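Here is a short briefing on a pocket, two ligand sites and two record annotations. Please look at the model first.

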Amino acid sequence: MKQGQRLVVVGGGSTYTIGMIMSLIEEKAHFPLRSITFYDTDGERQERVAKATEIILREHYPELELFEYTTDKEYALRDKDFFFVQIRTGGLEMREKDEQIPLRHGVVGQETCGPGGMSYGMRSIGDMIDLVADIRQGSPDGWILNYTNPAAIVAEALKRAYPNDKKILNICDMPAAIMVSYAKILGKEIWDLVPEYFGLNHFGWFTGIYDKEGNELTEDIKRAILEDGFIPEDSEIANDPSWIKTFKQVEKMLTDFPEYLPNTYLQYYLYPSDMAEKEDVENTRARQVINGRQQRVFSTCDQIIADDSLENVHLEVDIHGCYMIRVAASLAYNNGDIFIVMVKNDGIIANLPDDAMVEVPAMLTNRGPKPFAVGHIPRFYKGMIEGQLAYEQLVVDAYFENSYEKALQALTLNRTVVDAPVARQILDDLINENENYWPALKQRETVAR
Ligand SMILES: NC(=O)c1ccc[n+]([C@@H]2O[C@H](COP(=O)([O-])OP(=O)(O)OC[C@H]3O[C@@H](n4cnc5c(N)ncnc54)[C@H](O)[C@@H]3O)[C@@H](O)[C@H]2O)c1
Ligand SMILES: O=P(O)(O)OC[C@H]1O[C@H](O[C@H]2[C@H](O)[C@@H](O)[C@@H](O)O[C@@H]2CO)[C@H](O)[C@@H](O)[C@@H]1O
Ligand SMILES: [Mn+2]
């Protein structure tokens, strides 16, 4: 009989929390719970989600010993087994600025990619470092599973701040969402598929997809994408016009570069000018999420509370929730299941630096992820990744060293920017908008000529 886990959702007011609760209900046999605690810095936002969650759990998880929600950090983080972390420093309002500022300079405006990703990363690092310290104060041995973005930059910063903490795992659900669409093409479930994959977060490629019997399915998937197209199937994004456009770009990327199956995020780095031209600065993805998912989630919560029942709402499980829960179950019960997660390279990709935080398939055990060796990657991918890795590490350098110069170098290296004067203009605008969040960046004294 599996011992139930004591789970904390950090960022209980997240728009993903209801989906996560539905997934915890769906997955209770794989990952049984003793208690769920929500913790958030915004008590009002969290309470709307929590009061709806109380009703959902009453209907679908009556055996749960305890559900609670609080803004008391020390209480929430004490003596727990798992922490699902999903915070957004600055909220969706700052995300909108992250996306609008680069667009005003003709550059990709995106949550986690390009200058928007640097801006978000410079806000997330401090909160995430403080959060891990607070968690460790109360739960020295708890598993910290982080979704907070930009995962690449957060992972690099946490690796430096906590080099010996082996129970922090940064995760992205994008490869899983893509595999949900592969599975649909093949008439299978995602859990029937075994991926071979390499890259950085939001910057990777599937080199192969197999079934559990070891049959290769990669070429079948490529053929189907090129002949019939590629669409999002995960419930969270299936009917979203922005995601439908994103998944359609995979057809173009696969036509241009047929060797491997790309992560959807590579569209921003392979076609940066095209992507920037297509965006409407008054209706970026953040605005769509504010008017879409955020509006939908909170009106659903309010409806559940008003009815004191679920009779007038439709709630769905999604891959975002199920993926993290299956990862947690494999760590908790030493299942040895294979998931794509972020780990320190240390030779996994033989011709990339050891200190890179790479995204690769790993067997998840109670001693943590055991990644599969990838070996040497071909020149094109090595070149692409090394430039992106240097960008990511320079952003974290800029944070820890309060260095304007390193931040400028990072943006200049990024494939969505390249042009140094444009990088400087964007950086100066981002500094102005983030004065309440970023560390003050200092410029090196230049020697007067
Ligand atoms: N890794 C992935 O693949 C993946 C997938 C989806 C979402 N995400 C990330 O998950 C996070 C949540 O996304 P969302 O759209 O639901 O955000 P959201 O703004 O709806 O919710 C975030 C919550 O975090 C809370 N918060 C902010 N700072 C906090 C802190 N220091 N301590 C505790 N709580 C804090 C906010 O009050 C808010 O309730 C974002 O970082 C998003 O990018 C990651
Ligand atoms: O623009 P958003 O806020 O809708 O999405 C940004 C996030 O996109 C990816 O997560 C997807 C996920 O892959 C999919 O399965 C489903 O859950 O929707 C999510 C977005 O709604 C990406 O992995 C995240 O890092 C982004 O934050
Ligand atoms: Mn992601």
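Helix 12 contributes most to the lining of the second largest pocket, with 8 residues. Helices here are DSSP runs of H or I of at least four residues, and strands are E runs of at least two, numbered from the N terminus. The model is predicted: local features need pLDDT of at least 70, side-chain atom pairs count only at pLDDT 80 or more, and totals for chains, interfaces and linings use all residues. Residues are numbered from 1 along each chain as its sequence is written, chains are lettered from A and ligands numbered from 1 in the order in which they are written, and side-chain values use heavy atoms, without hydrogens and water.

**Second largest pocket**
- Its volume is about 610 Å³. A pocket is an open set of points on a 1 Å grid over the protein atoms alone, where a 1.4 Å probe fits, with protein on both sides within 12 Å along at least five of seven lines. The volume is the space filled by probe spheres set on the points.
- The lining has 27 residues, and Ser-235, Glu-236, Arg-293, Arg-296 and Val-297 are closest to the centre. Lining residues have an atom within 4 Å of a point.
- Helix 1 (17-26), helix 9 (241-256) and helix 12 (285-307) each give two or more residues to this lining.
- By class, the lining has 11 nonpolar, 9 polar and 7 charged residues. Asp, Glu, Lys and Arg count as charged; Ala, Val, Leu, Ile, Met, Phe, Trp, Tyr, Cys and Pro as nonpolar; the others, Gly among them, as polar.

**Ligand 1**
- The shell holds 24 residues, with Ser-14, Asp-40, Arg-45, Ile-87 and Tyr-120 closest. A shell residue has a heavy atom within 4 Å of the ligand.
- A side-chain N or O atom of Tyr-120 is 2.5 Å from a ligand 1 oxygen. Backbone N or O atoms of Ile-87 and Thr-15 lie 2.7 Å and 2.9 Å from an oxygen atom of ligand 1.
- The protein covers 93% of the 870 Å² of accessible area that ligand 1 has alone. Areas use the Shrake-Rupley method with a 1.4 Å probe.

**Ligand 2**
- Around ligand 2 are 19 residues; Glu-111, Asn-149, Asp-173, Arg-285 and Arg-293 come nearest.
- Side-chain N or O atoms of Arg-95 and Arg-293 each sit 2.8 Å from a ligand 2 oxygen.
- Helix 12 supplies the largest share of this shell, 3 residues.

**UniProt record**
- The unreviewed entry annotates residues 7-25 as "transmembrane region". Such annotations may be inferred rather than shown by experiment.
- In the model, that span is 47% helix and 21% strand.

Terms used: Polar contact = N/O pair within 3.5 Å; in protein donor to acceptor, adjacent residues only side chain to side chain.
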